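Please look at how aromatic rings meet in the structure below, and at where empty space is left inside the protein.

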Amino acid sequence: MRKNFILDTNVLLHDPRSIYSFKEHNVIIPIYVIEEIDQFKRDLSELGRNARLVARYLDSFREEGSLKDGVRLPHGGVLRVCFSERNLPLSVADSNLMDNRILSVAIDLMEREPQSPAVFITKDTNLRIRADALGLIAEDYDAERVEITELYTGFTERLVPREMIDQMYKPGAEVEISGQDSLSPHQFVLLKDETNPSHTAMGRFNAARGRVVPLLRGMKSEGVWGIRPRNMEQSFALDLLMNDEIKLVTIVGKAGTGKTLLAIAAGLHKVTEESVYQKLLVSRPVFPLGRDIGYLPGTLEEKMNPWMQPIFDNVEFLMNLSRADKKAGRGYHELIDLGLMEIEALTYIRGRSIPNQYIIIDEAQNLTPHEVKTIITRVGDNTKIILTGDPFQIDNPYVDATSNGLVHVVNRFKNEKIAGHITMAKGERSALAELAANLL
């Protein structure tokens, strides 16, 4: 049965291509939505860009026919622009006149075309509640919504014969396990002995070879810039971070799991010890926790310092500076002065091409999918990019745990041979930090 999907303004501003997302069903855009979108078209933000894109899409459809009568969509549905002269009862109307008119269009369609069920699509929670009270079917919009509890973790467990476990500890080992066709490229596997579950081996599925291979040797004993993995998840993360064949790494985890510290340690090792990359480039979105303190004085570097302090703390921890060293003025700035590390403001990254660098984007859960696309498309030849973050700690009011850029990248790249992902759950910062992350 063909349905009528009525789109709210925020849906089109969130995803201009949502017009094409309803397959063979009809898409209805109330004319009042276009009026609201028109107010954003001069903005220089992502909302302004999306508003202009929606206008161009609608104008191209207008050239094919009358939007009032309906224009055929690629998948067989019909796109229409509608209006309504109906007034909502005062008991259910609110002060937002546009919302009332948009709901009126949806109610009109529900009554005039009962053969095509009307579904009102909006990202406004309160408006969905009002629509439901008026008898409308109301749904949220997210083209690729995946609940955070169902997010790809990057590892799995398999029971295997004892001989296979022993084989994994031999030089040049690689094994073939049953059901490996269901594994994603670079997915980690904890192999457990069928007869003795405590007898285990850690491996990574190498899609190119079609085998499970052991983790990179030496990290457990030698460490990376003085850092050794404290648990299985950190071992998996370091394996991805140190593997030059993997150009995109996403690490998701709660506070204190070691995401940023491991990424910086691996980056410094690759830049200073192995010289695989020319420079370590680090950035993070500028979103305050709580009330902002206002404008910051000074140069771009001085303005970025408060935002980048968590990065600097990790770098100085890795440098193992004593109190005397800090009093003598030693610190993270030595790496910046030597040209080994650079702090980048994401605001100015558009248009850049960044080759031969190890890029870390911290707190990536505060980025929108479009912003993440802008960043990753800056990557040049022989550059590796790391995205870290915690989807449960979001300060950006325009994204949530399932619609942010970090989760979007995990979902889109999980089957790509050039990318790897790991979800970390065990905190290692301190006993108190671990309790706080779990209890609060």
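The report that follows takes up the ring pairs and then the largest cavity of this predicted model.

A pair of aromatic rings is described by the distance of the centres and the angle of the planes. The structure holds 8 aromatic pairs, and two of them are set out in the table.

| Pair | Distance of centres | Angle of planes | Class |
|---|---|---|---|
| Phe-155 and Phe-236 | 5.9 Å | 45° | tilted |
| Phe-312 and Tyr-332 | 3.7 Å | 5° | stacked |

The tilted pair links distant parts of the chain, since Phe-155 belongs to strand S7 (residues 155-160) and Phe-236 to helix H8 (residues 232-242), 81 residues apart. Phe-155 counts as partly exposed because its relative accessibility is 23%, whereas Phe-236, at 0% relative accessibility, counts as buried.

In the stacked pair, the planes stand at 5°, and both Phe-312 and Tyr-332 are buried. Phe-312 lies in helix H10 (residues 300-319), while Tyr-332, 20 residues apart from Phe-312, sits in the loop between helix H11 (323-327) and helix H12 (333-337). Elsewhere, ring pairs join Phe-5, Phe-22 and Tyr-141 into a cluster.

Turning to empty space, a search of the whole structure finds 1 cavity of 30 Å³ or more, and the largest cavity holds about 60 Å³. Its lining includes Tyr-152, His-186, Thr-250, Lys-414 and His-421, and divides into 5 nonpolar, 5 polar and 1 charged residues. Helix H14 (405-413) and strand S16 (419-424) each supply at least two residues of this lining, with S16 giving the most, 3 residues.

How values were computed. Residues are numbered from 1 along each chain as its sequence is written. This is a predicted model: local features need pLDDT of at least 70, side-chain atom pairs count only at pLDDT 80 or more; totals for chains, interfaces and linings use all residues. Side-chain values use heavy atoms; hydrogens and water are left out. Rings of Phe, Tyr and Trp (its six-membered ring) pair if their centres lie within 6.5 Å; planes under 30 degrees apart count as stacked, over 60 as edge-to-face and the rest as tilted. Helices (H or I, at least four residues) and strands (E, at least two) are DSSP runs, numbered from the N terminus. Buried means under 20% relative accessible area, exposed over 50%, partly exposed in between (1.4 Å probe, protein chains only). On a 1 Å grid over the protein atoms alone, a cavity is a set of points where a 1.4 Å probe fits but cannot get out, and a pocket is an open set with protein on both sides within 12 Å along at least five of seven lines; lining residues have an atom within 4 Å of a point. Grid points are joined across faces, edges and corners, and a volume is the space filled by probe spheres set on the points. Ala, Val, Leu, Ile, Met, Phe, Trp, Tyr, Cys and Pro count as nonpolar, Asp, Glu, Lys and Arg as charged, and the others, Gly among them, as polar.
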